[in-house]
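Work through the exercises below with the model open. Try each task before you read its solution.

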Amino acid sequence: MTTDTTTDDTNLAPLLEDPIDTEAILLECGAVEPCEDDDLCVTDDLDAAWRERMDAMHKGDREAQLTEFFGFDDEDLEVDVEISIEMTEEGYVFVRANNRLAARWESDAAALADVAGEQVLGDWIPGWEGLSLEQRSQIVNGLRAFVERCPSCEGELSLSEETVESCCRTRETYAIFCDDCNARIIEVNKVNRKEREAAAE
Ligand SMILES: [Zn+2]
């Protein structure tokens, strides 16, 4: 690990190893803190900074924002990368870079939370700029689970449990939705331990 994370007394290196422990990193850096009911909440300072970025970027050019997020605006890149965004009927957002799938988000609101989160987390996480895209993506993705209001419309959020049927088994999914615009903010597969152990065999 060659990131510059030793400038103060936080040593993130062990937490950044694969599989990256996003929650521990956010906690260690003071991005989230314990709050009521043994839960973790985003700190007031980060919440305010993040909200301000989301509001500022909401109506902006998402293609340009994503180009920056992926680092495709880097002048040293030898190929030009064109980003295209496709939204499915269910609201999922597929981002392609030169026609190859680069990322998928649950909604535009989810993508907005991540591009804005990426821009503010540098003030909390030492050595942020030196982390890989993969590491930064995973951390902003982890941060998204703590968003308190809808990134797009500031609506209240609700948790729902869905069962997704696939060919061979049903899969339980938790999703956080906006009550107002119905955007799917984040979804998490519920994998129980038995299934995980079975998968590991
Ligand atoms: Zn909303």
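**Exercise 1. Locate Pro-19 and describe the peptide bond before it.**

Solution. Pro-19 lies in the loop between helix 1 (13-16) and helix 2. Helices here are DSSP runs of H or I with at least four residues, strands are E runs of at least two, and both are numbered from the N terminus. The bond joining Asp-18 and Pro-19 is a cis peptide, with omega about 0°.

Two conventions apply throughout. Residue numbers start from 1 along each chain as its sequence is written. The model is predicted, so local features need pLDDT of at least 70, side-chain atom pairs count only at pLDDT 80 or more, and totals for chains, interfaces and linings use all residues.

**Exercise 2. Where is confidence lowest, and where is it highest?**

Solution. Start with the whole protein: 7 helices and 8 strands. Its mean pLDDT is 88, and 86% of its residues reach 70 or more. pLDDT is the predictor's confidence in each residue, from 0 to 100. Next, go to the extremes. Helix 7 (residues 193-200) is lowest, at a mean of 54, and helix 5 is highest, at 98. Last, check residues 1-7: the pLDDT there is below 50, and the stretch has 15 contacts in the model beyond near neighbours in sequence. A contact means two C-beta atoms, placed from the backbone, within 7 Å.

**Exercise 3. Work out the strand order and pairing of the open sheet with 3 strands.**

Solution. Two strands pair if DSSP finds at least two bridges between them.

- Step 1. Strand 3 (83-87) and strand 4 (93-97) are joined by 5 bridges and run antiparallel. One pair is Ile-83 with Ala-97 in strand 4.
- Step 2. Strand 4 and strand 5 are also antiparallel, with 5 bridges. In strand 5, Leu-101 is the bridge partner of Arg-96, and Ala-103 is that of Val-95.
- Step 3. The order is therefore 3-4-5, with antiparallel pairing. Strand 3 and strand 5 (100-105) are the edges, since each pairs on one side only.
- Step 4. Neighbouring strands of this sheet are turned by 25° against each other on average, direction ignored. Helix 4 packs on the sheet, touching strand 3 and strand 4; its direction makes about 120° with that of strand 3. Axes are lines fitted to C-alpha atoms, for helices over the stretch in contact, and angles run from 0 to 180 degrees between N-to-C directions.

**Exercise 4. Which residues in the two hairpin turns have a positive phi?**

Solution. The hairpin of strand 3 and strand 4 has 5 residues between the strands, and Gly-91 in its turn has a positive phi of about 95°. The hairpin of strand 4 and strand 5 has 2 residues between the strands; here Asn-98 has a positive phi of about 45°. Asn-98 is not a glycine.

**Exercise 5. Classify Thr-88, Asn-98 and Glu-154 as buried, partly exposed or exposed.**

Solution. Count other C-beta atoms, placed from the backbone, within 10 Å: 20 or more means buried, 12 or fewer exposed, and in between partly exposed. Thr-88 has 9 such neighbours, so Thr-88 is exposed. Asn-98 has 12, so Asn-98 is exposed too. Glu-154 has 15, so Glu-154 is partly exposed. Glu-154 sits in the loop between helix 6 and strand 6 (157-165). Its phi is near 60°, a positive value in a residue other than glycine.

**Exercise 6. Check the length of helix 5, then its burial.**

Solution. The expected span is 1.5 Å times one less than the number of residues. Helix 5 (residues 108-120) has 13 residues, so the span should be 18 Å; the end C-alpha atoms are 18 Å apart, which agrees. Of these 13 residues, 12 are buried, including Asp-114 and Glu-118. Across the protein, buried residues make up 27% of 201.

**Exercise 7. Which residues touch the most other members of the largest nonpolar core?**

Solution. Such a core is a set of buried Ala, Val, Leu, Ile, Met, Phe, Trp, Tyr and Cys residues joined through C-beta atoms within 7 Å. This one has 42 residues, and Ala-31, Ala-109, Leu-121 and Ile-185 touch the most other members. Helix 5 gives the most to this core, with 8 residues. Ile-185 touches Ala-109 and Ala-110, among others.

Terms used:
Lists of a residue's contacts leave out its neighbours within four places in sequence.
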